[in-house]
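Please look through the sequence and the model shown here before reading on. The paragraphs that follow start from a single residue and then widen to the chain as a whole.

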Amino acid sequence: MLKDNIEALVSHLENMVQAKTVVGEPIQSNGKTVIPLLSVRVGFGTGGGEGSAPQQGVGKGEGGGAGLSISPTALLIVDENEVQVYSLNQKGSLEKLLQLVPEVMTKMGKNGGSCC
């Protein structure tokens, strides 16, 4: 029974963690493609036991649990001229990326496109 539970748990985890989970869905706008890159962490555990007590009888128990954490680590920005990678793990990198947003919006507007 414990073996069946472990196999079922691992099977469900395999279904949840796919290539498109680690590489997010591309977002396209005005000739640029933004692809989020994600970090995936998975942990699981199972346990079981049996016992008997003179006045309470025989007991048996099993249990299991799993956890999944997904967090963005970088953005891959692709256009016809270049590919850029913006890390979100380095201290201050998110702030730097947010500072670039007005510049990107201005460039998109000059090329006759809109962001939204």
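In this predicted model, V42 has a relative accessible area of 42%, so this valine counts as partly exposed, a class that lies between the buried limit of 20% and the exposed limit of 50%. V42 belongs to strand 2, and on the surface it joins F44, L68 and I70 in a nonpolar patch whose accessible area is about 340 Å² together. Two elements, strand 2 and strand 3, each give two or more residues to this patch.

Strand 2 also carries one side of a charged pair. How many salt bridges does a search of the whole structure find? The search finds one, and the partners are the side chains of K32 and D79, with a distance of 2.9 Å from N to O. Because K32 lies in strand 2 (residues 32-53) whereas D79 sits in the loop between strand 3 (57-78) and strand 4 (83-87), the pair ties together parts that are 47 residues apart in sequence. K32 has a relative accessibility of 25% and therefore counts as partly exposed.

Around D79, further detail can be followed from its place in the loop between strand 3 and strand 4. Besides the polar contact at 2.9 Å that its side chain makes with the side chain of K32, a polar atom of the D79 side chain lies 2.8 Å from the backbone nitrogen of N81. When residues up to four places away in sequence are not counted, D79 touches G31 and K32.

Stepping back to the whole chain, there are three helices and four strands, which run in the order α-α-β-β-β-β-α from the N terminus on. Of the 116 residues, 14% count as buried, and the accessible surface of the chain comes to about 8,700 Å², with 55% of it belonging to carbon and sulfur atoms. Among contacts with a separation of 6 or more, 47% are between residues 24 or more positions apart.

The confidence of the prediction should be kept in view throughout. The mean pLDDT of the chain is 76, and 70% of the residues reach 70 or more. Confidence is highest in strand 1 (residues 27-29), at a mean of 86, and lowest in helix 3 (residues 93-110), at 61. Over residues 112-116 the pLDDT is below 50, although this stretch has eight contacts in the model beyond near neighbours in sequence. Where pLDDT is low, predicted coordinates should not be read in detail.

Notes: Residues numbered from 1 in each chain as written. Predicted model: local features only at pLDDT ≥ 70, side-chain atom pairs only at ≥ 80, totals over all residues. Heavy atoms only, no water. Salt bridge = Lys/Arg side-chain N within 4 Å of Asp/Glu carboxyl O. Buried < 20%, exposed > 50% of the residue type's maximum accessible area, 1.4 Å probe, protein only. Patch = residues over 30% accessible without salt bridge, like charges linked within 9 Å, V, L, I, M, F, W, Y side chains within 5 Å. Areas by Shrake-Rupley, 256 points an atom, 1.4 Å probe, with all protein chains shown as cover. pLDDT = per-residue confidence, 0-100. Contact = heavy atoms within 4.5 Å. Polar contact = N/O pair within 3.5 Å; in protein donor to acceptor, adjacent residues only side chain to side chain.
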